[in-house]
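Please examine the sequence and the structure shown below before attempting the exercises. Each task is followed by a worked solution.

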Amino acid sequence: MIGLVMAGGRGTRMDTPGEKLLLHHKKPLVLHVVDALVRSNCFSSVIAATSPNSPNTEKLLLENQIQILRTKGADYVED
């Protein structure tokens, strides 16, 4: 089974500037999510779906050797 992290949203509900998955608590939030999926030993691989809304999140994921899937960034369901 593949673990999928939806990491391409604008995060408008959080009402803060910048990419929300880059917010830090010891490390960026998105890496906490990826690490939890990897440590669960439930998934054969973990992939993050990114979009034009999250260029810095995508860069961070690639730097950490996380496979990405680029989406259009239209909305949660379509992506």
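The exercises below concern a predicted model of a protein chain.

**Exercise 1.** Determine how many helices and strands the protein chain has, and in what order they run.

*Solution.* Step 1: Counting the elements gives two helices and five strands. Step 2: Reading from the N terminus, the order is β-β-β-α-β-α-β. Step 3: The radius of gyration of the protein chain is 12 Å, close to the 12 Å given by the globule rule for 79 residues, so the chain is as compact as a globular protein of that length.

**Exercise 2.** State what share of the residues of the protein chain is buried, and what area the chain exposes.

*Solution.* Step 1: A residue counts as buried when its relative accessible area is under 20%. Step 2: By this criterion, 33% of the 79 residues are buried. Step 3: The exposed area of the protein chain is about 5,500 Å², of which carbon and sulfur atoms supply 56%.

**Exercise 3.** Identify the buried residues of helix H2 and the elements against which they pack.

*Solution.* Step 1: Helix H2 covers residues 55-63, and its buried residues are Thr57, Glu58, Leu60 and Leu61. Step 2: Viewed down the axis of H2, these buried residues fall within an arc of 160°, so they line one face of the helix. Step 3: The buried residues of H2 pack against strand S3 (27-28), helix H1 (29-39), strand S4 (45-50) and strand S5 (67-70).

**Exercise 4.** Give the sign of phi for glutamine 65, which follows H2.

*Solution.* The phi of glutamine 65 is positive, near 55°.

Notes: Residues are numbered from 1 along each chain as its sequence is written. This is a predicted model: local features need pLDDT of at least 70, side-chain atom pairs count only at pLDDT 80 or more; totals for chains, interfaces and linings use all residues. Side-chain values use heavy atoms; hydrogens and water are left out. Helices (H or I, at least four residues) and strands (E, at least two) are DSSP runs, numbered from the N terminus. The radius of gyration is taken over C-alpha atoms; the globule rule is 2.2 Å times the number of residues to the power 0.38. Buried means under 20% relative accessible area, exposed over 50%, partly exposed in between (1.4 Å probe, protein chains only). Accessible areas come from the Shrake-Rupley method with a 1.4 Å probe; for residues, only the protein chains shown count as cover. The arc is that of the directions from the helix axis to the C-beta atoms. Contact means heavy atoms within 4.5 Å.
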